[in-house]
Amino acid sequence: MKRFTALVVGVASAAALLVSSAFANHPVLVEGNCLGTGTAQRTAVPPGTCGDYDGDGRIGSAEDTDEADRVFGTINAALGPGNIGSPAVSTGVNQNGSVTIVASGVFPEVVTITAANGNVTLQAAPGVEANIDAVVQGDAGTTPRQSQPGIIVNAPANRYVVVRNITSRNWTSGIQVLGNSRVALESVRAENNVNYGIEIADNARVTIAKSEVHGTGFRTNPVTGNFPTPNVPSPGKGIEFDDSSSGTVFLTTVSGSFGAGISNMTGRRFNVCVSNVNVFDNSPNFESVLTTCPNGSGTGPTPQSSAKKANAKPSAKKAPAKKAPAKKTSRKAPSKRGK
Ligand SMILES: [Ca+2]
Ligand SMILES: [Ca+2]
């Protein structure tokens, strides 16, 4: 019996070690790249050139798989387990840690953040232009990528995600936040996306600051269509909060949207608060959005058209801090999300 107990303790200790490693929350780096001749993405360059931050001559997928150096060439590889060698050594953040892009580059990949194992930060270093772009001229993946969102965040409510200093271009939605995600978008730029610059749905809670959303719903493309004529974007909004989501928008510019610049479709007037923003040439600039932020939020359903009246109701000040209800009533048509 004693031996059995010792065995159980031993197994439990090993399990504890495995569990503790899942809470590492360590940082990794992603190198940049540059656009060269040909259609294939380059993986070998003269050492130290073209985004080769660690000077080994490898970029892109070759940097993802070279050794357990915690330096990657693609964003999704950095976010993943990053298993290298046999037996495998895991060096990626495994959806638990910070991914910093350290040299400028174009990243033609749908970036998926689940924060399944811990908090996740995705950022470019100051002065680095990290362009997550559906379009790379001549690349075979360009066509299917344009019918997908660029950055998808779908995380549990007990994790926090930060996206900082990242550009997302030419997708259906530049950034899509779903589920129970809790997210800070800081200094992000969403340009030339068709359906949404930034799309927030489900129960997500998102704060957006110091960001830019431009040209949503307008794009000419020989494959996915010519928007907004003859194809009409669905709906071509700069920033939208939908379903039971909530959030704030501060010190942000939204311009040139086919639809609304900043839109609150939650049906709850205090779910979305906007302050000190620059909105211009959207249609309209604001849709059911409060531009004076009361204390508290989520005080109950109200017709979107009456949102302006909310500013005059002092009772809103006593509203408790919002806890988004888990209840979900409807999902949008798939065509709005990915087609
Ligand atoms: Ca390298
Ligand atoms: Ca590497």
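User: Which residue does Gly105 stand opposite in E9?
Analyst: In this predicted model, Gly105 stands opposite Ala130 in E9.

User: How do strands E6 and E9 pair, and over how many bridges?
Analyst: Strand E6, residues 105-106, and strand E9, residues 130-133, pair in the parallel sense over two bridges.

User: How many bridges join E9 to E12?
Analyst: Three bridges join E9 to strand E12, which covers residues 167-169, and these strands run parallel. Within that pairing, Asp133 has Arg169 in E12 as its bridge partner.

User: What is the order of the open sheet that includes E6, E9 and E12?
Analyst: The order is E6-E9-E12-E15-E18-E23-E26, an open sheet of seven strands with parallel pairing. E6 and strand E26, residues 278-280, stand at the edges; each has a single partner strand, so one side of each is left without a neighbour in the sheet.

User: Further along, how are E18 and E23 joined?
Analyst: Strand E18 (residues 212-214) and strand E23 (residues 253-255) run parallel and are joined by three bridges. His214 stands opposite Ser255 in E23.

User: On strands in general, where do the side chains go?
Analyst: In a regular strand, side chains alternate between the two faces of the sheet.

User: Now the sheet with E7 and E27. What is its strand order?
Analyst: That open sheet has seven strands in the order E7-E10-E13-E16-E21-E24-E27, and the pairing is parallel. Strand E7 (111-113) and strand E27 (286-287) are at the edges with a single partner strand each, so one side of each has no neighbour in the sheet.

User: What joins E21 to E24?
Analyst: Three bridges join strand E21, residues 237-241, to strand E24, residues 262-264, and the two run parallel. Phe241 stands opposite Asn264 in E24.

User: Changing topic: is Val163 buried or exposed?
Analyst: Val163 counts as buried because it has 26 C-beta neighbours inside 10 Å, and the cut-off for a buried residue is 20 or more. Val163 is found in strand E11, residues 161-164.

User: Which residues is Val163 in contact with, leaving aside neighbours within four places in sequence?
Analyst: Val163 is in contact with Leu122, Ile151, Ile175, Val183, Leu185 and Val188. In addition, the C-alpha atoms of Val163 and Ala184 are separated by 6.3 Å, although these residues are 21 residues apart along the chain.

User: And Ile84, where is that placed?
Analyst: Ile84 lies in strand E3, residues 83-84. Ile84 counts as partly exposed because it has 17 C-beta neighbours inside 10 Å, a count between the limits of 12 and 20.

User: Which residues does Ile84 touch, not counting those up to four places away in sequence?
Analyst: Ile84 touches Thr65, Glu67, Ala68, Val89 and Thr91. Ile84 and Asp66 are 18 residues apart in sequence, with 7.7 Å from C-alpha to C-alpha.

User: For the whole chain, how many helices and strands are there?
Analyst: The chain has five helices and 27 strands. Buried residues make up 43% of its 339 residues. Among contacts between residues at least 6 apart in sequence, 55% join residues at least 24 apart.

User: What is the mean pLDDT, and where does pLDDT stay under 50?
Analyst: The mean pLDDT of the chain is 84, and 80% of the residues reach 70 or more. The value stays under 50 over residues 4-22, for which the model has two contacts beyond four places in sequence. It also stays under 50 over residues 297-339, for which the model has 64 such contacts.

Notes:
Residues are numbered from 1 along each chain as its sequence is written. Chains are lettered from A and ligands numbered from 1 in the order in which they are written. Two strands pair if DSSP finds at least two bridges between them. Helices (H or I, at least four residues) and strands (E, at least two) are DSSP runs, numbered from the N terminus. Two residues are in contact if their C-beta atoms, placed from the backbone, lie within 7 Å. pLDDT is the predictor's confidence in each residue, from 0 to 100.
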